[in-house]
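Reader: I have some questions about the terms used for this structure. Please set each value against its cut-off.

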Amino acid sequence: MSNYKKVYIAGGCFWGMEDLFRIRPGIKDTEVGYLGGENDNPTYRNHPGHAEGLELTYDENETNFRDILDYFYRIHNPTTLDRQGNDLGSSYRSAIFFQNEEEKAIAEEIIKIVDDSNKWEGKIVTTLEPFTTFWAAEPEHQDYLLRKPDGYTCHFERFDTFLNETAS
């Protein structure tokens, strides 16, 4: 039985999020793509309603959904509606695409923890959306910042963990 699971999240331009998550302990694979939109087979130029997001494959013996969400909230601003850095629009929304009720409940718990921490100046606007389909982005968007290390990103670690050691 495989210990690998997948997580689907969005928090602005997918390049910067992928670059930071790829080096996290327990993350075995990252892929950028589109989630939660209106059309099948979206592309960078045609993805109405889709968020630029990530598919993260992780080893549950090394990390877990809670810790991944904790890091997610440390590397993007979840209080700006449809915006990260210079990027504007619903493509850049903060979203968690839950696959089951357990993930939804954990996401709600983490959102409350992050909100209650008052580390961010506003309230969390992350949407919780049921996962339907992940559409991989075009090859030129995969591993973008590995190939173009001076490329655009607005993602960086802003805080230490939101979780105390007994909560994780």
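**Helix 1, the cysteines and a loop residue**

Author: This is a predicted model. In helix 1, the buried residues are F14, W15, G16, M17, E18, L20 and F21.

Reader: What makes helix 1 mostly covered?

Author: Seven of the eight residues in helix 1 are buried, and buried means a relative accessible area under 20%.

Reader: Which elements do the buried residues of helix 1 pack against?

Author: They pack against strand 1 (4-11), strand 2 (27-35), strand 3 (51-59), helix 2 and helix 4 (144-147).

Reader: How are helix 1 and helix 2 placed, in angle and in distance between their axes?

Author: Helix 1 (residues 14-21) packs with helix 2 (residues 65-75) at an angle of about 130 degrees, and the axes are 11 Å apart.

Reader: Why is helix 1 called oblique to helix 2?

Author: Roughly perpendicular covers 65 to 115 degrees and roughly antiparallel begins over 145. The angle of about 130 degrees fits neither class, so helix 1 is oblique to helix 2. The crossing of helix 1 past helix 2 is right-handed.

Reader: Which residues make the contact between the two helices?

Author: Helix 1 contributes M17, L20 and F21, while helix 2 contributes I68, Y71, F72 and I75. By class, this contact has seven nonpolar residues, no polar ones and no charged ones.

Reader: How do you know that C13 is not bonded to C154?

Author: A disulfide needs two cysteine sulfur atoms within 2.5 Å. The closest cysteine sulfur to that of C13 is in C154, at 6.9 Å, and that is too far for a bond. C154 is likewise in no disulfide, with the sulfur of C13 as its nearest cysteine sulfur. A search of the whole structure finds zero disulfides.

Reader: Are C13 and C154 buried or exposed?

Author: C13 has a relative accessible area of 7%, so C13 is buried. C154 is at 13% and counts as buried too. Both values are under the 20% cut-off.

Reader: Why is T133 called partly exposed?

Author: The relative accessible area of T133 is 34%. Buried would need a value under 20% and exposed one over 50%, so T133 is partly exposed.

Reader: Where is T133, and what is it in contact with beyond its neighbours within four places in sequence?

Author: T133 lies in the loop between strand 7 (127-130) and strand 8 (134-136). Leaving aside those sequence neighbours, T133 is in contact with Y34 and L35. The C-alpha atoms of T133 and F97 are separated by 9.7 Å, and these residues are 36 residues apart along the chain.

Definitions and conventions:
Residues are numbered from 1 along each chain as its sequence is written. This is a predicted model: local features need pLDDT of at least 70, side-chain atom pairs count only at pLDDT 80 or more; totals for chains, interfaces and linings use all residues. Side-chain values use heavy atoms; hydrogens and water are left out. Buried means under 20% relative accessible area, exposed over 50%, partly exposed in between (1.4 Å probe, protein chains only). Axes are lines fitted to C-alpha atoms, for helices over the stretch in contact, and angles run from 0 to 180 degrees between N-to-C directions. Angles under 35 degrees count as roughly parallel, over 145 as roughly antiparallel, 65 to 115 as roughly perpendicular and the rest as oblique. A crossing is left-handed if the near helix is turned anticlockwise from the far one by less than a right angle, and right-handed if clockwise. Contact means heavy atoms within 4.5 Å. Ala, Val, Leu, Ile, Met, Phe, Trp, Tyr, Cys and Pro count as nonpolar, Asp, Glu, Lys and Arg as charged, and the others, Gly among them, as polar.
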